[in-house]
Amino acid sequence: MKKYILSIDAGTTSSRALVIDHQGVIVSKAQFEFTQFYPQPGWVEHDAIEIWETQKKAIVQALKEGGISPGDIAGIGITNQRETTVVWNRTTGLPVANAIVWQDRRTSERCDKLKADGVTDVFKKKTGLLLDAYFSGTKLEWILNDQNLRQQAENGELAFGTIDTWLIWNLSGGKDHVTDPSNASRTLLYNIHTLSWDAELMSILSIPKSLLPEVKDSSGNLARTNLDVFGAEVSISGIAGDQQAALFGQLCVEPGMVKNTYGTGCFVVMNTGNVAIDSKNGLLTTIGWKIGKEVSYALEGSIFVAGALIQWLRDELKIIDSAMEVEELASSVPDNGGVTIIPAFTGLGTPYWDQYARGAILGLTRGSGRGHIARAALEAIALRTMDVVSVMNSDSGIPVKELRVDGGASKNNLLLQIQANLLNTRIVRPKEVETTALGAAFLAGLGCGFWKNLDELSSVWSADKKFQPDNSTNIEPIKLNWTKGIKATAGWALP
Ligand code: ADP
């Protein structure tokens, strides 16, 4: 009896591998960082070979630490940094260029041009996305600007993939060229309604069909490892992009369930069931996962600055020595003393989408102190989340009953209590906060029969702490000052 699931968590800065048992317990893990390349301002690249090499090392080490052999693995789940674009030669298996990372802005002007051409609605209708350099489509088009590579692509000699696809290609010894709908839905090339690569979109971006991977489900027998590469032939039975994996790892499997990851920024994602909801408030419509015939769609909101605001208090204002201290400092005062922070360091995402908004500390008086600023900072993170959840409510027509949370800043109890009060909603933090890796493992475990069904999985997921709304926050003045602050800082840096 095979006893474990291997979860491959291919992140933006490191390659991780986690071995998970039938109770959902992480028995061993390993992690290796890889190089970030910044060849020009706004450009971010990775060496796909280094990603594969560090990923292999992480797998070997995690297995070794757990005293586990490849043959003990029942199935493999892969979750990955999304949108990052790799092109390689099908014969040699070698990348033709560095991978262009999701953060890379080099195709911003191209996206402006596409908008001017009037194709915004075509892309939004078919893909649920905005025309932005963030997504894979224009990155892939950029790589094919090289005439040589374009010719090779037209000849069918090249393959495109996001990081899931690249890793599976390598794990399968160059046999399987596949992805899943959650990753495909971030490319600007995949029609999320018909569940197929879209000829019109491929033609607008001049992408030959032969480059594209086969889109399989997110769970099931999707690919197989090669014996020589992995040491055993094992089913790769789960694939999902990182945010979708986290949604699954939080077992947000019913429509209306929402998770928020409080990291450097926040990613808020709502399961909307089998309907793709078109947002009127700057949320992205995306695919959560596809299992058999069932597609679960999702709405996604982006907050650029969350934990980064706490880092700023530590590194620039220097009012704390570590991120953890912010909770004690914020608890040293009964309220924010009238102070409001607008964390628009790099503009504002959902629902404002204002790249010219800038940060501010407002409402200062002679009595304002470090404690007030720390408290206003935690409130700012919770208020940005409130903004996003509130448009999710209105776009979906589904009231949010509970918010499941993870990420580095979700350790902060005061933050979560303020969040519960601002949303007037229960906040739940799970015992296992490795929700992304867990989500990939859950998809893989269901896909290979390691876990029978969602019912069995629900005994694997458990809450660590629940935060119920109480009256410890005087929310009305906080909300009022927030609204005023957002207005005051809108468009601040307009040329
Ligand atoms: P990422 O995956 O984006 O790197 P993590 O999930 O590792 O982020 O979370 C790190 C972020 O969490 C940092 O920005 C840090 O400032 C913030 N953070 C860590 N601990 C706390 C805390 N106790 N209270 C508030 N923020 C915290």
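Trainee: How do the residues of the lining of the second largest pocket divide by class?

Mentor: In this predicted model, the lining of that pocket divides into seven nonpolar, four polar and two charged residues. The lining has 13 residues, and Trp289, Ile291, Glu294, Ser296 and Leu454 lie nearest the centre of the pocket. Glu counts as charged and Ser as polar, whereas Trp, Ile and Leu count as nonpolar.

Trainee: What volume does the second largest pocket have, and which strand gives the most to its lining?

Mentor: The volume is about 210 Å³. Strand 17 and strand 18 each supply at least two residues of the lining, and strand 18 gives the most, with three residues.

Trainee: Trp289 is one of the residues nearest the centre of that pocket. What makes Trp289 and Phe248 an edge-to-face pair?

Mentor: A pair of aromatic rings is described by the distance of the centres and the angle of the planes. For Phe248 and Trp289 the centres are 4.7 Å apart and the planes stand at 80°. Rings pair if their centres lie within 6.5 Å, and an angle over 60 degrees counts as edge-to-face; the two values therefore meet both conditions. The structure holds 11 aromatic pairs, and this is one of them.

Trainee: Why is the pair of Phe248 and Trp289 said to tie parts of the chain together?

Mentor: Phe248 belongs to helix 10 (residues 242–249) and Trp289 to strand 17 (residues 284–291), so the pair ties together parts that are 41 residues apart in sequence. Both Phe248 and Trp289 are buried.

Trainee: Why is the pair of Phe304 and Trp353 called edge-to-face?

Mentor: The ring centres of Phe304 and Trp353 are 6.0 Å apart and the planes meet at 70°, so the pair is edge-to-face. The cut-offs are again 6.5 Å for the centres and 60 degrees for the planes. This pair links distant parts of the chain, 49 residues apart. Phe304 lies in the loop between strand 18 (294–303) and helix 11 (307–315), and Trp353 in the loop between strand 19 and strand 20 (360–362).

Trainee: Are Phe304 and Trp353 buried, exposed or partly exposed, and how do you know?

Mentor: Buried means under 20% relative accessible area and exposed means over 50%. Phe304 has 37%, so it counts as partly exposed. Trp353 has 36%, so it is likewise partly exposed.

Trainee: How do you know which class fits Trp43?

Mentor: Trp43 has a relative accessible area of 17%, which is under the 20% cut-off, so Trp43 is buried. Its place is the loop between strand 3 (26–33) and strand 4 (45–46).

Trainee: What makes Arg106 a charge over the ring of Trp43?

Mentor: Arg106 lies over the face of Trp43, at 3.7 Å from the ring centre. The distance cut-off is 6 Å, so this value satisfies it. Lys57 lies over the face of Phe32, at 4.5 Å from the ring centre.

Trainee: How do you know which class fits Pro334?

Mentor: Pro334 has a relative accessible area of 69%; the cut-off for exposed is over 50%, so Pro334 is exposed. Pro334 lies in the loop between helix 12 (325–331) and strand 19. Its C-alpha is 9.1 Å from that of Arg375, 41 residues apart in sequence.

Trainee: How many residues of helix 15 are buried, and how does its reach fit the expected span?

Mentor: Helix 15 (residues 435–447) is mostly covered, with 13 of its 13 residues buried. From its first C-alpha to its last it reaches 18 Å, close to the 18 Å expected at 1.5 Å a residue. Just after helix 15, Gly449 takes a positive phi of about 85°.

Trainee: How many cavities of 30 Å³ or more are counted, and which residues line the largest?

Mentor: The count comes to two. The largest has a volume of about 40 Å³, and its lining includes Asn336, Glu379, Ile478 and Trp482. Helix 13 (370–396) is among the elements that each supply at least two residues, and its share of four residues is the largest.

Trainee: By class, how does the lining of the largest cavity divide?

Mentor: There are seven nonpolar, two polar and one charged residues. Glu counts as charged, so Glu379 is the charged residue of this lining.

Notes: Residues are numbered from 1 along each chain as its sequence is written. This is a predicted model: local features need pLDDT of at least 70, side-chain atom pairs count only at pLDDT 80 or more; totals for chains, interfaces and linings use all residues. Side-chain values use heavy atoms; hydrogens and water are left out. On a 1 Å grid over the protein atoms alone, a cavity is a set of points where a 1.4 Å probe fits but cannot get out, and a pocket is an open set with protein on both sides within 12 Å along at least five of seven lines; lining residues have an atom within 4 Å of a point. Grid points are joined across faces, edges and corners, and a volume is the space filled by probe spheres set on the points. Rings of Phe, Tyr and Trp (its six-membered ring) pair if their centres lie within 6.5 Å; planes under 30 degrees apart count as stacked, over 60 as edge-to-face and the rest as tilted. Buried means under 20% relative accessible area, exposed over 50%, partly exposed in between (1.4 Å probe, protein chains only). A charge sits over a ring if NZ of Lys or CZ of Arg is within 6 Å of the ring centre and within 35 degrees of the ring normal. The expected span of a helix is 1.5 Å times one less than its number of residues.
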